[in-house]
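Please open the model in the viewer and keep the selection panel at hand. The tour below proceeds stop by stop, stating what to select and what is to be found there.

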Amino acid sequence: MSKTTEGRYAYEGLDRVIHEKARLGILTCLVSHPKGLAFSDLRRLCKLTDGNLSRHLQVLEEAEMVAIEKSFVDNRPHTSCRLTPAGRKRYAGYLNVLEQVVRDAEEAAVLLRTSPA
Amino acid sequence: MDDLGEALDSIRTMRSHLARSAEFRFYGPAAIGFTALLAAAAAYLQSVLVPAPGAHLLAYLTLWTITALLACSTIAADVALRARRAHSGLADEMVREAAGQLLPAGAAGGLLTAVIAWYAPQCAWMLPGLWQIILALGVFSACRTLPAPMRLAGFWYAATGLACLALAQVPHAFSPWAMALPFGIGEALAAIILLLAGGAHEQDD
């Protein structure tokens with residue numbers, strides 16, 4: 001794509017739902033655990049509070065990127081979260097655009113370094 | 001490494017997590033089924049061209065090495081074609097991951113054959129069984145990203161490999177059946193599993 005093409009730097013694929021530090025962390029964590037993770041493990045791995053994690057999971061669930069299952073294990077409530085196929089697809093698309101952003105920035109930095117003052 | 005380089009590295013790591021956890025859908029049932037036919041054809045050729053494999057070990061090994069290379073090339077070409085058709089940013093990463101899962105088994109099989117043929121040809125009768133066990137290990141190692149029933153193919157190769165070692169004694173060890181049945185049935189089983197899994201995925205998608 002030409003550098004002067006309209007919208008070349010619009011980065012439409014930078015999904016707002018994913019483009020938030022905590023949610024990006026949650027999704028990356030779930031990607032690494034395809035069978036899902038218990039709420040408590042996810043909270044520990046992402047270093048979030050109960051309230052924060054619940055809030056971000058709700059956003060991701062509403063966007064149909066994460067499935068949350070509530071059950072009972074040993075008579076105790078158990079919540080597990082896993083990435084949905086749609087979430088996986090959107091996450092992959094997000095990574096592509098993110099990579100493009102960094103590559104464009106790298107290219108611009110190289111140009112800046114090599115151009116005469 | 002500068003900040004941008006580190007960012008690219010992090011993205012690569014995320015992508016690699018994604019590729020490792022995604023189901024590998026680029027093995028085609030037709031290509032795998034074709035390798036079952038290859039095994040049957042090689043067994044027929046062995047019975048015609050190498051009627052006494054114990055006495056002509058090199059000819060026997062050459063025939064089956066060519067068959068294995070043909071099978072691997074067929075599957076690799078099919079995977080490359082399917083990955084290209086997928087137009088997915090993750091396809092290349094997934095193909096690299098899949099190759100990384102199978103290469104150790106392939107290398108072990110090749111080196112084991114060479115070492116036994118060169119230094120201990122009196123042990124060559126074990127090769128058909130060992131090849132099947134090594135293939136079983138390769139299948140189990142790839143199973144993490146394949147449809148779950150593919151473990152059946154792994155169990156099949158492990159069982160037939162052990163049976164070959166336990167039951168086959170020279171000269172039966174080199175019987176064409178000791179290769180045609182395990183590999184023919186094993187590959188056909190893998191092809192059927194992929195075919196059924198492909199149908200299930202179409203329903204999911």
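**Chain B as a whole**

Select chain B and colour it by pLDDT, the predictor's confidence in each residue, from 0 to 100. The mean pLDDT of chain B is 88, with 94% of its residues at 70 or more. This is a predicted model, in which local features need pLDDT of at least 70 and side-chain atom pairs count only at pLDDT 80 or more, while totals for chains, interfaces and linings use all residues. Residues are numbered from 1 along each chain as its sequence is written, and chains are lettered from A and ligands numbered from 1 in the order in which they are written. The scores of the model are ipTM 0.72 and pTM 0.73.

Now show chain B as a cartoon: it contains 7 helices and 0 strands. Helices (H or I, at least four residues) and strands (E, at least two) are DSSP runs, numbered from the N terminus. Among the elements of chain B, the lowest mean pLDDT (83) belongs to helix H1 (residues 3-21) of chain B and the highest (95) to helix H5 (residues 127-142) of chain B. The C-alpha trace of chain B spans about 65 × 45 × 25 Å along its principal axes.

**Helix H2 of chain B**

Select residues 29-49 of chain B, which form helix H2. H2(B) has 21 residues and reaches 30 Å from its first C-alpha to its last, close to the 30 Å expected at 1.5 Å a residue; the expected span is 1.5 Å times one less than the number of residues.

Which residues of H2(B) are buried? They are B:Ala31, B:Ile32, B:Thr35, B:Ala36, B:Ala39, B:Ala42, B:Ala43 and B:Gln46. These residues lie on the same side of H2(B), because they cover an arc of only 160° around the axis, the arc being that of the directions from the helix axis to the C-beta atoms. A residue is buried if 20 or more other C-beta atoms lie within 10 Å of its own, exposed if 12 or fewer, and partly exposed in between, with C-beta atoms placed from the backbone. Turn the helix over: the face turned away from the buried side carries the exposed residues B:Ala30, B:Tyr44 and B:Val48.

**B:Leu103 in helix H4**

Next, select B:Leu103, which is found in helix H4 (residues 91-119) of chain B. B:Leu103 counts as exposed because it has 12 C-beta neighbours inside 10 Å. Add B:Gly138, 35 residues away along the chain: the C-alpha atoms of the two are separated by 8.1 Å.

**Where chain B touches chain A**

Display both chains. In contact are 12 residues of chain B and 15 residues of chain A, contact meaning that the C-beta atoms, placed from the backbone, lie within 7 Å. On the side of chain B that touches chain A, 8 residues are nonpolar, 3 polar and 1 charged. Here Ala, Val, Leu, Ile, Met, Phe, Trp, Tyr, Cys and Pro count as nonpolar, Asp, Glu, Lys and Arg as charged, and the others, Gly among them, as polar.

**The sheet of chain A**

Finally, select the strands of chain A, which form an open sheet of 3 strands in the order E1-E3-E2, with antiparallel pairing. Strand E1 (37-38) and E2 of chain A stand at the edges with a single partner strand each, so one side of each is left without a neighbour in the sheet. Two strands pair if DSSP finds at least two bridges between them.

Strand E2 (residues 66-73) of chain A is joined to strand E3 (residues 76-83) of chain A by 8 bridges. E2(A) and E3(A) form a hairpin with 2 residues between them, and A:Asp74 in the turn has a positive phi of about 55°. Beside the turn, A:Val73 has A:Arg76 as its bridge partner in E3(A). On the other pairing, 2 bridges join E1(A) to E3(A), and A:Leu37 stands opposite A:Cys81 in E3(A).

Definitions and conventions: Two residues are in contact if their C-beta atoms, placed from the backbone, lie within 7 Å.
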